[in-house]
Every structure is written in structure tokens, then in C-alpha cells.
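Work through these exercises with the sequence and the model side by side. Each task is followed by a solution in steps.

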Amino acid sequence: RESDHRAWTPVTYTVTRQNATVQGLTEGKAYFFRIAAENIIGMGPFTETPKELVIRDPITVPDRPEDLEVKAVTKNSVTLTWNPPKYNGGSDITMYVLESRLIGKEKFHRVTKEKMLDRKYTVEGLKEGDTFEYRVSACNIVGQGKPSFCTKPITCKDEIAPPTLDLDFRDKLIVRVGEAFSLTGRYSGKPAPKVTWLRDDIVLKEDDRTKIKTTPTTLCLGILKSVRGDSGKYCVTVENSTGSRKGYCQVNVVDRPSPPVGPVIFDEVHKDHMVVSWKPPLDDGGSEITNYIIEKKDAHRDLWMPVTSATVKTTCKIPKLLEGREYQVRIYAENLYGISDPLISDEMKAKDRFSVPDAPEQPIIKDVTKDSAVVVWNKPYDGGKPITTYIVEKKETMATRWVRVTKDPIFPSTQFKVPDLLEGCEYEFRVSAENEIGVGDPSPPSKPIFARDPIAKPSPPINPEAVDKTKNSVDLSWHPPRHDGNGKIIGYLVEYQKVGDEDWKKANLTADSCPETKFKVTGLTEGLTYKFRVKAVNAAGESEPAYVPDPVEVKDRLEPPELILDANMAREQHVKAGDTLRLSAVIKGVPFPKVSWKKEDHEVSPKADIEVTGVGSKLEIRNTVHEDGGIYSLTVENPAGSKTVSVKVVVLDKPGPPRNLQISEVRSDSCYLTWKEPEDDGGSVITNYVVERKDVASAQWLPISSSSKKRSHMAKYLIEGTQYLFRVAAENQFGRGPYVETIKPIKAIDPLHPPGPPKNLHHVDVDKTEVSLVWNRPDRDGGAEITGYLVEYQEDGAEEWTKFQTVPMLDCVVTGL
């Protein structure tokens, strides 16, 4: 029976031997046993064990201790540690016996006299240089067990100990944003190890939130008010000359996610629903996004209505919309640690049709340099389909073709830095938006800008000097500044100061009233002496002044006139009829000379405009005619002298009419025209003559030659018997002159000539007072039928012939001789 029970339990009924094995007992429990003998008659009395028996395995001495290690060695001590035996012999360890043997001796000697249960012991009082080996045994109630395996021989000397590291943190740690966390532990080693903390292989240093505390035996890293950026793989390294130990901890600082990434893209827009999409948050807060919360709102109301909170996709259908209303959508991301700030969409009208995006408003240009400019625009209405890219174009102001500034897509940014501009060129820019329907209209062009670096104030003008003066004025001249500050010089400010005064007075109030590098300071007092200075001005402001070196006394000076001729006052000036004749010259002289223009020593035509300025004179005749040609002279005169120049003006025009048109050699099919050149060739060589004819019965003139350079022409292919008029005009490079026309028509018929002489005249009979003559017909009849023959006779020795008579036939009898 169990010692705490009263009931006996039979073990067996038939045991014939004087021993028995009782099975099924529970280790550690106490039992009583009893035995009775039995024969055929019956069972005798029981004999009971005098005291209870506790059930346990048989007790032996312990096994040998394990992992005896030397932890530290100095010149007079050795520190050892070990682990308990695998089996304690069935009884608790009562003490450990540590023994040592001096190398060279045979016997081990006990090191500890007192009873020792710790598994760590420092042997002290050793001699430096002695070499020992150690072993340890375990004792229990039975006795001392086998000793452990010996250590290696250990020489007493100051020795380095490799680092040890005992950490208080696990491999992974999750921290909420804003909370503090710390990583702690203990370490040892000789010499004292160096402790280094790293996050993601980057050494950590102390700052406002990062605290590092290291004692000779403990180490600690603390992070205050943690942020997401504190997440990472933390590593502590304990290192001395014998080696290093490392400990790791993956810290995840978690938070609610950042907002979803916009813009919200309206993939589909219908009258009753829309399909929108977006991008996941850039930061999921260190925990996977569990869902998105989508809400919608009528743009003209303040109430947001839930759409869904159970989607994990980055796209969602927004149902139950009213056609024509404008809606906004907002989207939150959620993880285990909270809900993000919302992403809010642009307004979108619920309607079925899509279109290309509207044209953006006029873009603004900023940050202009010599080779780049930043174009900024506002997002236009996207036509119902999300804008996929913007197209930025540039052109030089004087050009007509727009050029894309980049082939890469520009989106979602509504600004772009345009590179590769040419310094000094003027540019305009425009922007178009594109969606899946197509490219929208371009924006209005930006205001033109010049590609040049930002401007600074200019340097002072160079070498100002007084170049002229009168009794009340001084003319100043200077050179532009060396540096214009990268900005156009607007003009110059001129100031003067009477010698002895302190104040400078302005000769001109604004810089743009003096854009040139010269200025006449007027209103000065004769006989006084003045100082002068000049400042250059650009858009950034005024330069430092540049001073005229010496003071100037204001008084008149005499200079004879001087004429500097312009190109149009060369010896001979040609101008085309109808164009404008301009003659001009620069005039110098003090005082300014009197100016007079003449033509052939007479007054010029009243239609001539004559202008005289303080630096020159100009004569202008508009719509010139041939008569405006001639010799023009310009005379300038002042008390110091006079000067005259002349120029021959030739007005180039169409030629005049040809002269003395004559017609000869008229035939039945041709005639011969001759004429003389025009009196006036228009100032240019006659290139050709145009000859035309006209049947008197017709109204139309027909050309018969347009390229003849000769002053004669054979008109062929006339119709016999028809009456014709002819006309001729001369041409030069400036056109065709007037025609000269025949006074009366000519008829195309062959001309009549006297017939040829009769042939073979001889007498056939002679009497004292008469002679009979015969002859043959002449070879030619002169173009008409022969009407008769005139017979004449002459007395021998006389000079004159006497007419006898005209006969029709080829014979005649001359009588009265």
C-alpha cells in the first residue's frame, strides 16, 4: 500500500519462490509491503516491512562534470567554469572538488578545502610562470565521481580574454512611433572591449533622441520618441584584440500609413458611376496595408459619404452618382496601427462623354538662365480621362515652328526645367495636356523671355569726355560699361555740378531718355565751369558714376562747317521711277551751319521734303519721275566758312517713244519698217523693241516681234490688198515705253516700177525723110501691163532728144526727118 493510504493492494497470488518483483510503482512515492504464506489449509499471518520504502533508481557516484573551461588567466590566478554532470548518480550533487597538477609532477592536489557548490572558481596565490592543468569532480551522497577531462596546461601570466556578450533583447522588436525603446546587455573581455552600435551597417552617434551608455560591464542604446526612420537592423559589436562578438535585433517602428499616392486617376467616368485608381502609400507604416477606406462627396456639399472600407485593391468603383454633378473622392489607407491622412481627388463631373484635356492657362516662366528656364502651368480640366502626360513646346519668337522640349513624359509635375536654350535668343513656351483620348489644345504662348543669366547692376561707363560746347550747352560722349550685369543697358543718367557747389543736378530725369552713349547738357550759364558724371542703368539699377576728368568752362567756339556724306550722296545716285529719292549728309560746325539745297542752281522742286536736324540734313522726294533727275547740291555755311557738295541723280524709268517710224519696200506680203531710238532711254540701256500690226478693220493689235534689238524689222505674212497700221515701243529693264504709230495705213500690194528698155531696136527701111523701126518687148514690165512705147530721135551732134510719138505696137515709121 502507499504510505498515505490505508488500503492494501494485492500484487500476486501465487508466488512459490521467496522473492517477488513488484511492478507498476510510481517513482518518488513511499510504499509499505506485506507477505503471507499459504498452504492447502489456508493463508497464514502477514509479515510487514518495518518502515516505508521510497521508490527511486539505485544511487551511484555522479558522472564527470562537463565543459571545464578557463575563463581568465593572470600572473597569479586562474578562473575556471564548468557545467554539471549529465547524470548526478541518482542523488543531488553535494559539492565539487577542483584539483590541479603542476606540469612535471605526477599527483593532482585538491585546490579547494571548503565545500564548493558554485560551478565557477578562481584559483589564487599562484606563481607567475608556473604551468598547471586542472580537473574537477562532483560528489553526491554516495561519494566522489570521476574527474572531468583535464584542461590544457595553463601558464600563469597576464592574458587576454576574448569578449563575451550577454544580451537582454530578442531578435525582433516592434515599437510604436513616438515611444522610446532601449537595447541592453552585459559584456566582458580583456583588454576592455570597444562597444559599437550600428543600424543597417551605419554607425550610430548620440544626438537629441539617441542615447548610448556604456559601463565597464554593461551596454545600453536608447532611442527617444522613435520615428519610422529608426526602423532597421541594429547591431552591437564588442571587440578587442582577441576577437569580437555581435548581437542583432531587427527593430520595426510602426505607425499608421502615409496617405495613398495621388493623383486620384479617373479611369472611367459615366453619368452614374466612376472608376478611380491611385497608388499605394510610399510608407506602409511598417505594417502591411489591411484595407483602403473610400468616401465620396458632392463638390457643392460638405458631407462625405462612405463608399467602401473593405478593399485592398488600389482601384474602386464609385456608384450611385447623379448625372451632371461634380464629385470628389477621398481615400484613406489603414494598417494594424491606424488610418492614414486622406488623399483627396480633384473635382470630376459625372457625365458619359470623354474628350481631350482643355488647354492649360498661359504658362509662367521663372528661373531663367542663359541656357535654361522653368515653365510653370496649372492643371487644366482633363476631359474626363486622367491626364497621362504634359507636352511642353518652345519656339524662338521670330520662328513659326514649335518644337517639343523633351521626349520623356512630364507628369504629374506641373512645371518643367527646359534645357539647351541658346544664350541671347528670345523664346516663347506653351503647354498641352494629353489623356488616352488624345492631345488637347496648347495653352496661349508664354510671355517672351531672353535666355540670359539673371542681371546685376552694370559697371560704370568708360571714358566720359566733353566733346563739344556752346555758350549754354556741353556735349558729352562715353563708351558703354565693360559689364552690363547680364542685362540690357536701358540708358544713362547724366548729372552736372557747378564748381564750388556740393549738389549734383540731373541733366535727364530718366535713363531711357538717353539710350545712346552721348548727351547734350543744356541750360548752362555762359562763363561758368561745370563738372559732369554719367551712370549706366539696367533693369537691376544704376551703376557707380564715371566722371569727366576735367571741369568744363561753358563758352562758344567756332568750327568751320564739315560735311560727312552718306552713301546716298555718292557722285551719281540712281533711283527707280516711282521710288523715293533720299539724299542725306552729316553736318558739323560751330555754330551749326545754315543749310541750303539746290538743283541745277535753282530751287528744288516743291514736292521735295527737306529736313534739317542738329546733326545733319536730309532731302526726300517720293514717287520720283524722270524729270526729278539732275545735279543736286547741298551747301552749308556758318561764320567760319562754307562747304558745298553735289550729286548727280538719275531717275531710272521706262524709255520714251521711238522716233521717225518709216515704212518702205511695200509688197503684197511684206513691208520694211525702220525707226530711230527714243530721245530718252529712261536712264537705262534699251534692251529690245516691240513691233505690232493691226488690220484697219480690226480693233486688236497683234505682236509681230518682241525681242528685236535692231531699229528695223521686216513685217512678213501680210495679206495682199489689206490695209495695215504698225506701231513700235522701246523696252528697258524698267518696263515698256509708249508706242509710236504709223500716221496712215499702207496697203499690201507690190509696187509699180518703169518697165525695162525695149530690146533689139533696129531699122528695116530708110527714105530721105523717114525711117521704119522695129523692136522687141523689154525683159520686165515694171509690175504692170505695158501701155505703149515712146519713140524719140536726135540729130547727130545735137544734145537733146526730140519726142516723136507714143505707139502701142512694136514698130513705128518716124517721118519729117
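Two strands count as paired if DSSP finds at least two bridges between them. Keep that rule in hand for the sheets below. The model is predicted.

**Exercise 1. Judge the confidence of the model.**
Task: State the mean pLDDT of the protein chain and find which elements have the lowest and highest mean.

Solution.
- Step 1. The protein chain has a mean pLDDT of 89. In this chain, 99% of residues reach 70 or more.
- Step 2. Now go element by element. Strand β4 (residues 53-54) has the lowest mean, 82. Strand β31 (residues 373-376) has the highest, 95.

**Exercise 2. Map the four-stranded sheet.**
Task: Give the strand order of the open sheet that contains β12, and say which strands stand at its edges.

Solution.
- Step 1. The order is β12-β14-β18-β17, and the pairing is antiparallel.
- Step 2. β12 (161-167) and β17 (210-214) each have a single partner strand, so they are the edges, and one side of each lacks a neighbour in the sheet.
- Step 3. From one strand to the next, the twist averages 15°.
- Step 4. Look at one pair. Five bridges link β12 with strand β14 (residues 181-190), in the antiparallel sense. Leucine 165 has tyrosine 187 in β14 as its bridge partner.

**Exercise 3. Map the three-stranded sheet.**
Task: Do the same for the open sheet with β21, β22 and β25.

Solution.
- Step 1. The strands follow the order β21-β22-β25, with antiparallel pairing.
- Step 2. β21 (261-269) and β25 (315-318) pair on one side only, as edge strands.
- Step 3. Neighbouring strands here are turned by 25° against each other on average, direction ignored.
- Step 4. Strand β22 (residues 274-279) meets β25 over four antiparallel bridges. Methionine 274 is bridged to isoleucine 318 in β25.

**Exercise 4. Trace a hairpin.**
Task: How many residues does the hairpin between β52 and β53 pass through?

Solution.
- Step 1. Strand β52 (residues 609-612) and strand β53 (residues 616-621) run antiparallel, joined by four bridges.
- Step 2. The hairpin connects them through three residues.
- Step 3. Valine 612 stands opposite serine 617 in β53.

**Exercise 5. Classify two residues.**
Task: Decide whether serine 772 is buried or exposed, then place aspartate 556.

Solution.
- Step 1. Serine 772 sits in strand β66 (residues 771-776). Its relative accessibility is 16%, and buried means under 20%, so serine 772 is buried.
- Step 2. Beyond residues up to four places away in sequence, serine 772 touches His762, His763, Val764, Asp765, Cys812 and Val813.
- Step 3. Aspartate 556 is in the loop between β46 (552-553) and β47 (559-565). Its relative accessibility is 44%, so aspartate 556 counts as partly exposed.
- Step 4. Neighbours within four places aside, aspartate 556 contacts Thr470 and Lys471.
- Step 5. Aspartate 556 and isoleucine 437 are 119 residues apart in sequence and 79 Å apart in space, C-alpha to C-alpha.

**Exercise 6. Read the annotation against the model.**
Task: Where does UniProt place the feature "domain: Ig-like", and what are the helix and strand contents of those spans?

Solution.
- Step 1. The unreviewed UniProt entry places the feature at residues 163-252 and 561-646.
- Step 2. Residues 163-252 are 0% helix and 64% strand, with end C-alpha atoms 28 Å apart.
- Step 3. Residues 561-646 are 0% helix and 62% strand, and their end C-alpha atoms lie 16 Å apart.

Definitions and conventions
Residues numbered from 1 in each chain as written. Predicted model: local features only at pLDDT ≥ 70, side-chain atom pairs only at ≥ 80, totals over all residues. Heavy atoms only, no water. Helix = DSSP H or I, 4+ residues; strand = E, 2+ residues; numbered from the N terminus. Axes fitted to C-alpha atoms, helices over the stretch in contact; angles between N-to-C directions. Buried < 20%, exposed > 50% of the residue type's maximum accessible area, 1.4 Å probe, protein only. Contact = heavy atoms within 4.5 Å. UniProt positions renumbered as here; feature names shortened; annotations may be inferred. pLDDT = per-residue confidence, 0-100.
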